[in-house]
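Colleague: Got a minute? I'd like a quick tour of this one.
Modeller: Sure, let's bring it up.

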Amino acid sequence: MFRGVGATVLVALALCVAAPAEASRGAEFGIQDDAWLMYGPGTLADRLTTLENLGVGVVRFTLRWDQVAAQKPASPRSPSAYDWGGYGEVLDALHAQGLRTLLTLYGSPRWANGGGAPANLPSTGFGDFAYAAARRFPWVHMWTAWNEPNSRTFSVPVSPGLYVRRVLNPAFAALHEASAANRIAGGVTSPRKTPSGMSPLAFMQGMHAAHARLDAYAQNPYPVGRGETPDRATCSDCGYFTLALLPTIRADVTRYFGAKPVWLTEYGYQSNPPDRLLGVSYALQAAYLGEADLRVWQQSGVTVLIHFLVRDEPSIGGWQSGLFTVGGIPKPAYHAFALPLAQISRHGSSASLWGQVRPGTGARAYVIQRAAGSAWRAVGRAEQTGAGGTFIRTVALPRGARVRVWAPSIGWASPPLTLS
């Protein structure tokens, strides 16, 4: 881990102007890794402590209908009619730890879809399941219905009309009946058209035509190639919904559903190693994490960004976008998640920086440091974030200078950022 020293004994190398920058825009930054949460190393309490130490704001978790209701319940709206099993254990533990949950309802049992696979859209029962889940887990108020229904991998058939009629609208009605505090996002679409699927824009248009009911629109804005950055698309007119095209996503949601919030429910860059085909370097993965967070913080109406995953999946054919390697070694992205740092702009000899200190509560101390050979020296004095942990800082440093943010409360620093 990176270590720092007290700001009081460091020499200031440049003038700084600091300002707390509260996320009054409402953006929450979270993480998803269902397999790690349920079956990862150590105890569940250990894993939740890891998330707390990272300063995770919200945890996305998938509740599998087919797993908790293998047989048709006699009383489908009663929580006691379901075998919540390990799913209930995780959700109860998240609540006890004070970690907010965004719960995705997915996977139809054979009795609800004509004997098909879990990806088959149900013909009956989804609203009842949603109601029972809301009663069993009354502290959960953020919900999504299904996952990537514009892709045949997760939805059979790919049909926005059936998705709205059989999944989204029944869940919307049931969840609002269960609690007026519940908010449900529809869509949860993948970033591009697959050979057997639909583009996210076409699917959104189909949802609109089918009179979708939703409180927010959810999108999984993964890059479509390792050459795409959080703010530079490889193709701006291909119908993709990636983070680089965030203003387009925001505009299209407004066009079809009004001023509904946008939730970005899965996002991340795979790393090389181990993925030599699709991965970016560890340094780029960490840098892109901070850039993505800044982009979301700046975009009005985008209120959630979920990083995927905590730990790399063991199969190279899976996902290697974790903050940890499959062996449990922290990547630089681990520190970047807890202490995201990105450059907003440059004006002459000064650069404007945005960052967060996520672990902790209230205003948090931080120090901007500059690389000086093999050492790190403070740039100005220690400052305080706003109450939510966010800051904006202007530093008088040249292009090419390497900076990082050090947080005394946790005793380590972000990965280095090279100023442009």
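Modeller: One term before we start: Ala, Val, Leu, Ile, Met, Phe, Trp, Tyr, Cys and Pro count as nonpolar, Asp, Glu, Lys and Arg as charged, and the others, Gly among them, as polar. Also, this is a predicted model.

Colleague: OK. How many residues of each class line the second largest pocket?
Modeller: Seven are nonpolar, eight polar and five charged. The pocket's volume is about 390 Å³. Closest to its centre are Gly 55, Val 56, Gly 57, Arg 358 and Arg 364.

Colleague: And how much space is in the largest pocket?
Modeller: About 1300 Å³. Its lining has 47 residues. Phe 154, Tyr 222, Glu 266, Phe 308 and Trp 319 lie nearest the centre.

Colleague: What's the class split there?
Modeller: That lining has 22 nonpolar, 13 polar and twelve charged residues.

Colleague: Which helix gives the most to it?
Modeller: Helix 1, with five residues. Strand 3 (58-64) and strand 4 (100-106) each supply at least two.

Colleague: New topic. What do the strands build?
Modeller: A barrel: eight strands close up in the order 2-3-4-5-6-7-8-9, with parallel pairing. From one strand to the next, the twist averages 25 degrees.

Colleague: Which strands does helix 7 touch?
Modeller: Helix 7 (residues 160-178) packs on the sheet and touches strand 5 (142-145) and strand 6 (183-189). Its direction makes about 160 degrees with that of strand 6.

Colleague: Last one: how many bridges join strand 7 to strand 8?
Modeller: Three, and the two strands run parallel. For example, Ala 218 has Trp 263 in strand 8 as its bridge partner.

How values were computed:
Residues are numbered from 1 along each chain as its sequence is written. This is a predicted model: local features need pLDDT of at least 70, side-chain atom pairs count only at pLDDT 80 or more; totals for chains, interfaces and linings use all residues. Side-chain values use heavy atoms; hydrogens and water are left out. Two strands pair if DSSP finds at least two bridges between them. Helices (H or I, at least four residues) and strands (E, at least two) are DSSP runs, numbered from the N terminus. Axes are lines fitted to C-alpha atoms, for helices over the stretch in contact, and angles run from 0 to 180 degrees between N-to-C directions. Contact means heavy atoms within 4.5 Å. On a 1 Å grid over the protein atoms alone, a cavity is a set of points where a 1.4 Å probe fits but cannot get out, and a pocket is an open set with protein on both sides within 12 Å along at least five of seven lines; lining residues have an atom within 4 Å of a point. Grid points are joined across faces, edges and corners, and a volume is the space filled by probe spheres set on the points.
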